[in-house]
Amino acid sequence: MTFRLRAAHISDLEHLYEMAKLTGGGFTNLPADRAALTRKLERAEAAFSRTDDELGDDQFTLVLENTETGQVRGTCQLFTQVGQQWPFYSYRMTTLTQHSQELDRTVRAEMLSLTTDLEASSEVGGLFLHPGERAGGLGLLLARSRYLFVAMHRARFADRILAELRGVIDDRGGSPFWDGVAGRFFGMTFQEADYFNAINGNQFIADLMPKHPVYIAMLDEEAKKVIGVPHPSGRAAMRMLENEGFAAEGYVDIFDGGPTMTARTDTVKSIADAKPAAVSATDLEEGERALLATGKFDDFRSCYGVRAFGDDDSIAIDTTAAETLGVSKGDEVWSVAR
Ligand SMILES: NC(=[NH2+])NCCC[C@H](N)C(=O)O
């Protein structure tokens, strides 16, 4: 079975919709709503069709396609600059340390402050892999192809990059963090709020979110326990991000308390290590396992393969990868070790 990532088009709507129904909620970037997904795909088409080097407010959507059946089995997204039209909100954990001379005591109070600190960052998100394909390293192919995409279109991305991980959700689909914090001000359940957010954007956050810092000591245990904790299904994603050089620096999602991971774009491992080379051969049988990508914007494709560099820094790749990417001798291929 061979898989390739490519730019998403309007014609992928049904594929995306079918996958969105499988997420189980809390995936703000992949709502099971045809109109919202259509807007997303239209925005992606506009982003792919602008081919200059100007950093803008773009959202690229990629899909993972089985090259034999044409089926779409996964998706991921890149936002080039968040917080441009609507503010981009995060809670930042801050510490207030106070000392009492008379008591000879120093106390630390941790607080959650509503900020828009992370605006103008790029964001990777919306990663979803069909439950039937959770073997074979496809999750990593989806995740890391985004970094190749960034490296190949570097001028279209910001100097800081972030990823928001889904927070803890209980068996009823509720969020203990939501129930303990924002939920008290919105009069709706977490599922309702997250869905509303996914469909209608975040003006309602600006309107209703409490603006004063929240003392963590005053939250109930359930809410406290999940601050900065990823949803169990996101633990692997968190490790993956850490391996790329992302770190949790005290920012959490204002709704579910899930961790926001950040990194300097140029120090993300797969971005720093990605390099272009001209294809010298397409019949390599043994080589280093790698992620390979080619093509700009709408023409971007990526897949797994093997590579070997020549003395002139040209690259030899295997036949299947060459076919999957549609490249031949002389074409440019970006790659990074698997
Ligand atoms: N899980 C959520 N829907 N959180 C609320 C949205 C937070 C996001 N950072 C924004 O400002 O748009």
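# Exercises on a predicted model

The charged end of arginine 34 sits over the ring of tyrosine 17, 4.0 Å from its centre. The model is a predicted one. The exercises below start from rings and charges, then turn to the ligand, the polar contacts and the backbone.

## Exercise 1: a charge over a ring

Find the ring under the charged end of arginine 338, and give the distance to its centre.

Solution. Start at the charged end of arginine 338. Below it is the ring of tyrosine 304. The distance to the ring centre is 3.5 Å. The cut-off for this distance is 6 Å. So the pair meets the distance part of the rule.

## Exercise 2: classify two aromatic pairs

State the geometry of the pair phenylalanine 60 and phenylalanine 157. Do the same for phenylalanine 186 and phenylalanine 204.

Solution. Step one is the total: the model has 17 aromatic pairs. Step two takes phenylalanine 60 and phenylalanine 157, whose centres are 6.1 Å apart with 35° between the planes. Planes under 30 degrees apart would be stacked, and those over 60 edge-to-face. This pair is therefore tilted.

Step three places the two rings. Phenylalanine 60 belongs to strand β2, residues 59–66. Phenylalanine 157 is in the loop between α3 (138–152) and β7 (160–164). The pair therefore ties together parts that are 97 residues apart in sequence. Phenylalanine 60 has a relative accessible area of 0% and is buried. Phenylalanine 157, at 4%, counts as buried too.

Step four turns to phenylalanine 186 and phenylalanine 204. Their centres are 5.6 Å apart, with 80° between the planes, and the pair is edge-to-face. Phenylalanine 186 lies in helix α5 (residues 183–186), and phenylalanine 204 in helix α7 (residues 203–208). The parts tied together here are 18 residues apart in sequence. Both phenylalanine 186 and phenylalanine 204 are buried.

Step five widens the view. Phe60 and Phe157 belong to one aromatic cluster, together with Phe48, Phe149, Phe297 and Phe300.

## Exercise 3: describe the ligand site

List the residues around the ligand. Then sort them by class, and give polar distances to the ligand for tyrosine 89, glutamate 164 and asparagine 202.

Solution. First, the shell. The residues are Thr28, Pro87, Phe88, Tyr89, Glu164, Asp194, Asn197, Asn202, Ile205, Asp253, Ile254 and Phe255.

Second, the classes. Six residues are nonpolar, three are polar and three are charged.

Third, the distances:

- A polar backbone atom of tyrosine 89 is 2.8 Å from an oxygen atom of the ligand.
- An N or O atom in the side chain of glutamate 164 is 3.2 Å from a nitrogen atom of the ligand.
- A polar side-chain atom of asparagine 202 is 3.1 Å from an oxygen atom of the ligand.

Fourth, the cover. On its own the ligand has 340 Å² of accessible area, and the protein covers 91% of it.

## Exercise 4: two side chains that contact arginine

Which side chains join serine 335 and aspartate 12 in polar contacts?

Solution. Take serine 335. It is part of strand β15, residues 332–337. Its relative accessible area is 0%, so it is buried. A polar contact of 2.8 Å links its side chain to that of arginine 307.

Now take aspartate 12. It sits in the loop between β1 (3–7) and α1 (13–20). At 2% relative accessible area, it is buried. Its side chain makes a polar contact of 2.9 Å with the side chain of arginine 6.

## Exercise 5: sequence versus space

How far apart are valine 214 and valine 181, in sequence and in space?

Solution. Locate valine 214 in strand β8, residues 214–215. Its relative accessibility is 16%, and it counts as buried because the cut-off is 20%. In sequence, valine 214 and valine 181 are 33 residues apart. In space, C-alpha to C-alpha, they are 8.2 Å apart.

## Exercise 6: the sign of phi

What sign does phi have in alanine 120 and in aspartate 313?

Solution. Begin with the background: most residues other than glycine have a negative phi. Alanine 120 has a positive phi, near 80°. It lies in the loop between β5 (105–115) and β6 (122–129). With a relative accessible area of 32%, alanine 120 is partly exposed.

Aspartate 313 also has a positive phi, of about 70°. Its place is the loop between β13 (301–309) and β14 (315–317). With a relative accessible area of 53%, aspartate 313 is exposed.

Note on methods
Residues are numbered from 1 along each chain as its sequence is written. Side-chain values use heavy atoms; hydrogens and water are left out. A residue is near a molecule or strand if one of its heavy atoms lies within 4 Å of it. A polar contact is a pair of N or O atoms within 3.5 Å; within protein, one must be able to donate a hydrogen and the other to accept it, and residues adjacent in sequence count only if both atoms are side-chain atoms. Accessible areas come from the Shrake-Rupley method with a 1.4 Å probe; for residues, only the protein chains shown count as cover. Ala, Val, Leu, Ile, Met, Phe, Trp, Tyr, Cys and Pro count as nonpolar, Asp, Glu, Lys and Arg as charged, and the others, Gly among them, as polar. Rings of Phe, Tyr and Trp (its six-membered ring) pair if their centres lie within 6.5 Å; planes under 30 degrees apart count as stacked, over 60 as edge-to-face and the rest as tilted. Helices (H or I, at least four residues) and strands (E, at least two) are DSSP runs, numbered from the N terminus. Buried means under 20% relative accessible area, exposed over 50%, partly exposed in between (1.4 Å probe, protein chains only). A charge sits over a ring if NZ of Lys or CZ of Arg is within 6 Å of the ring centre and within 35 degrees of the ring normal.
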